[in-house]
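Dear colleague,

Here is the structure I promised to pass on. My notes on what was found in it follow below.

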Amino acid sequence: MPKWVHEQMNNVTEFILLGLTQNPDVQKLLFAVFIVIYFLTVAGNLLIVVTISTSRALGSPMYFFLSFLSFIDSCCSSTMAPKMIFDLLAKKKTISFSGCMTQLFAEHFFGGVEIILLTVMAYDRYVAICKPLHYMITMNRQMCANLVAMAWAGGFLHALIQILFIVWLPFCGPNVIDHFICDLFPLLKLSCTDTHIFGLFVAANSGLMCLLIFSILVTSYVLILYSLRTHSTEGQRKALSTCASHVTVVVLFFVPCIFVYLRPMVTFPIDKAVAVFYTMVTPMLNPLIYTLRNSEVKNAMRKLWSHKVILGNNNSCD
């Protein structure tokens, strides 16, 4: 479609976001709650990144992938949370067309990267537990770097496919989005063309992909648990603790994704609450899930903290 034709068909330059609620008192309360959650999310995930990067004891591939997961969680939350928090106190909640497309791309880019990264982490645990003698050879430094690069490339391709389809849709009438972020189904409802086929594509590209990968991940962890029969009691305990953290994160991420995208092109009032969960709550919980059940990470954090305290005392003495 020529650019001038698209511009004639698309006279919407900005969208109005209705947000979570229209009640001013509730908005102020949510502002206070969400700004604390966002701070904890960024601080907690960056603490994991710094801890793993500075600790020699956390040099295994599992922690290498965990540091990238924490970085992605910080980025994913930062693409949506600041705008949502700011809008809670704004009288007019608007976002430009280009800003909406950018937010949509970033949301699916980081979401796609995280999906592939969680799959990579499941593969890492499978090799470590089911094929321990081949682990160091299989999960060498080059292999880990290639898997992370594949996650970035896969996320970019997923987001690019989504944005290329929706950016050429004509928006020539209503511009009010009943949401606090730009997402696919609320945008499709505003397009002044038949988007039924595209709705099916979204369900296949996002929802079906999430369901398929979730099924693969669940199967892989079932195989891991089955193989633990031959391990020692201590080995079983440690493997179960690690896998329990991974499974918890996988469920928290994939269940909302499947609920939102694996369905016909309809929206429900609960969609906003689900979006708050996967944009605000899940990225905040991930650091807690991995640290509370992992003694190695907790010990590394204690050493990092004690090292900072010692340096601080030495500087004050000088």
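In strand S3, Val176 is the bridge partner of Ile16. Please keep in mind that this is a predicted model.

The same strand holds a second partner: Leu17 is bridged to Ile177 in S3. Between strand S1 (residues 14–17) and S3 there are two bridges, and the pairing is parallel. On S2, Ser96 is the bridge partner of Glu14. S1 and S2 run antiparallel and are joined by three bridges.

Taken together, the three strands make an open sheet of mixed pairing, in the order S2-S1-S3. Its edge strands are S2 (94–96) and S3 (176–177), each of which pairs on one side only. Helix H5 (residues 97–130) packs on this sheet, where it touches S1 and S2, and the direction of H5 makes about 85° with that of S2.

The side chains of S1 alternate. Phe15 and Leu17 point to one face and are buried, whereas Glu14 and Ile16 point to the other face and are not buried.

Away from the strands, there is a surface feature to look at. Ile35, Val36, Phe39 and Leu40 form a nonpolar patch, and their accessible area together is about 390 Å². Of these, Ile35 lies in helix H2 (residues 24–54). Is Ile35 buried, partly exposed or exposed? With a relative accessible area of 39%, Ile35 is partly exposed, because that class covers values from 20% to 50%. Patch residues need over 30%, so Ile35 at 39% passes that cut-off.

Best regards

How values were computed
Residues are numbered from 1 along each chain as its sequence is written. This is a predicted model: local features need pLDDT of at least 70, side-chain atom pairs count only at pLDDT 80 or more; totals for chains, interfaces and linings use all residues. Side-chain values use heavy atoms; hydrogens and water are left out. Patches are made of residues with over 30% relative accessible area and no salt bridge: like charges are joined within 9 Å, nonpolar side chains (Val, Leu, Ile, Met, Phe, Trp, Tyr) within 5 Å. Accessible areas come from the Shrake-Rupley method with a 1.4 Å probe; for residues, only the protein chains shown count as cover. A salt bridge is a side-chain nitrogen of Lys or Arg within 4 Å of a carboxyl oxygen of Asp or Glu. Helices (H or I, at least four residues) and strands (E, at least two) are DSSP runs, numbered from the N terminus. Buried means under 20% relative accessible area, exposed over 50%, partly exposed in between (1.4 Å probe, protein chains only). Two strands pair if DSSP finds at least two bridges between them. Contact means heavy atoms within 4.5 Å. Axes are lines fitted to C-alpha atoms, for helices over the stretch in contact, and angles run from 0 to 180 degrees between N-to-C directions.
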